[in-house]
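The following exercises ask the reader to examine one protein chain step by step. Each task is followed by a worked solution.

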Amino acid sequence: GTRRETGVTELMLFDGGWPVPDVFSTIERWFPGRTALLFADCCYSGSLGMEAMLRAGRVSYGALTSSLACTVSTGAWTFTECLIAALRGAIPLSAESNGLITFAELARYAEREMAFNDGQLSTFVSTNGFDPNLVLAAGIRRANPLISEYVEAKWKDGKWYPGRVEKVDGGTFWIRWVGYKESANEQIQVSDIRPFVPQHYASGTPVDVE
């Protein structure tokens, strides 16, 4: 994705740019359905969500993207991996869950993964009566509700670092530190674990980018 000086975002295709407003005009002209899912893992991809909110036609939109409308996107492809995991049913669900992965659950999962792994904010927008509880796939219930959750854990130096719970054994948690391989997993006592609370921003919030 790229942005013109006018502020219009374009999706860069093989044969040139495709302005985001034209994406929606094409959908509304040729798409016979009433519900459209939009995913994008590129710079300024949040523009899809911003444009969706301006559309009040017959099509309801669910837009989920890797970045905000005003920011570039990481090249790590974390967002794409989240999408693939959801469609394969590989997103762990709580024991109380009905076992189904919804669009909203994918959005929460992607938000968490992007924030922890890439320090980036994603965009999630639903418009025109789009049902955020639209089912995408069957999921896998977690043996423990904390497995796969991101937390902050106290390391040996007394400082708190972000990590993901990989396994729970009684009062001991196996933590994979963010940015490190599985071989770096460590055992942490429950007393040295605290919740991670991400910052939330409304879609379209300006963000300073260096």
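**Exercise 1. Backbone angles in two loops**

In which loop is Asn 128 found? Determine also its phi angle and its degree of burial.

Solution. The model is a predicted one. Step one: Asn 128 is found in the loop between S8 and strand S9 (135-138). Step two: its phi is near 55 degrees, a positive value in a residue other than glycine. Step three: the relative accessible area of Asn 128 is 34%. Partly exposed residues fall between the limits of 20% and 50%, so Asn 128 is partly exposed.

Step four: Tyr 44, which is not a glycine, likewise has a positive phi, of about 60 degrees. Tyr 44 is placed in the loop between strand S4 (35-40) and H2. With a relative accessibility of 18%, Tyr 44 counts as buried, because buried means under 20%.

**Exercise 2. The chain as a whole**

Describe the secondary structure, the extent and the contacts of the chain.

Solution. Step one: the chain has 4 helices and 15 strands. Step two: its C-alpha trace spans about 55 × 40 × 30 Å along the principal axes. Step three: of the 210 residues in the chain, 40% are buried. Step four: among contacts with a separation of 6 or more, 63% are between residues 24 or more positions apart.

**Exercise 3. Two nonpolar cores**

How many residues has the largest nonpolar core, and which have the most contacts inside it?

Solution. Step one: the largest core has 16 residues, and those with the most contacts inside it are Leu 64, Phe 79, Ala 86, Ile 91, Ile 101 and Leu 106. Step two: at least two residues of this core come from each of helix H3 (78-87) and helix H4 (103-118). H4 gives the largest share, 6 residues. Step three: leaving out residues up to four places away in sequence, Ala 86 touches Ile 91, Ile 101, Leu 106 and Ala 137. Step four: a second, separate core has 14 residues, including Val 23, Ala 36, Ala 40 and Tyr 61.

**Exercise 4. Two buried residues and their contacts**

Where is Ser 67 placed, and which residues does Gly 49 contact beyond its neighbours within four places in sequence?

Solution. Step one: Ser 67 is placed in the loop between strand S5 (60-65) and H3. Its relative accessible area of 0% makes Ser 67 buried. Step two: not counting residues up to four places away in sequence, Ser 67 touches several residues, among them Cys 42, Cys 43, Tyr 44, Gln 120 and Thr 123.

Step three: Gly 49 is placed in helix H2 (residues 47-52) and is also buried, with a relative accessible area of 0%. Beyond its neighbours within four places in sequence, Gly 49 is in contact with Ala 63, Thr 123 and Val 125.

**Exercise 5. Aromatic pairs**

How are the rings of Phe 103 and Phe 124 arranged?

Solution. Step one: the count of aromatic pairs is 6. Step two: the ring centres of Phe 103 and Phe 124 are 5.5 Å apart and their planes are at 40 degrees, so the pair is tilted. Step three: this pair links distant parts of the chain, with Phe 103 in helix H4 and Phe 124 in strand S8 (residues 123-126), 21 residues apart. Phe 103 counts as buried at 0% relative accessibility, whereas Phe 124 counts as partly exposed at 31%.

Step four: Tyr 161 and Trp 177 form an edge-to-face pair, at 6.3 Å centre to centre and with 85 degrees between the planes. Tyr 161 lies in strand S12 and Trp 177 in strand S13, so this pair ties together parts 16 residues apart in sequence. Step five: ring pairs also link Phe 39, Phe 103, Phe 124 and Phe 130 into a cluster.

**Exercise 6. The largest pocket**

Which residues lie closest to the centre of the largest pocket, and which element gives the largest share of its lining?

Solution. Step one: the largest pocket holds about 470 Å³ of space. Step two: it is lined by 26 residues, of which Tyr 109, Glu 113, Tyr 150, Arg 164 and Glu 166 are the closest to its centre. Step three: H3 gives the largest share of the lining, 4 residues. Step four: by class, the lining has 15 nonpolar, 4 polar and 7 charged residues.

Conventions: Residues numbered from 1 in each chain as written. Predicted model: local features only at pLDDT ≥ 70, side-chain atom pairs only at ≥ 80, totals over all residues. Heavy atoms only, no water. Core = buried A, V, L, I, M, F, W, Y, C linked by side-chain atoms within 4.5 Å. Buried < 20%, exposed > 50% of the residue type's maximum accessible area, 1.4 Å probe, protein only. Contact = heavy atoms within 4.5 Å. 1 Å grid on protein atoms, 1.4 Å probe; cavity = no way out; pocket = protein on both sides within 12 Å on 5 of 7 lines; lining within 4 Å. Points joined across faces, edges and corners; volume = space filled by probe spheres on them. Nonpolar A, V, L, I, M, F, W, Y, C, P; charged D, E, K, R; others polar. Phe/Tyr/Trp six-rings, centres within 6.5 Å; stacked < 30°, edge-to-face > 60°.
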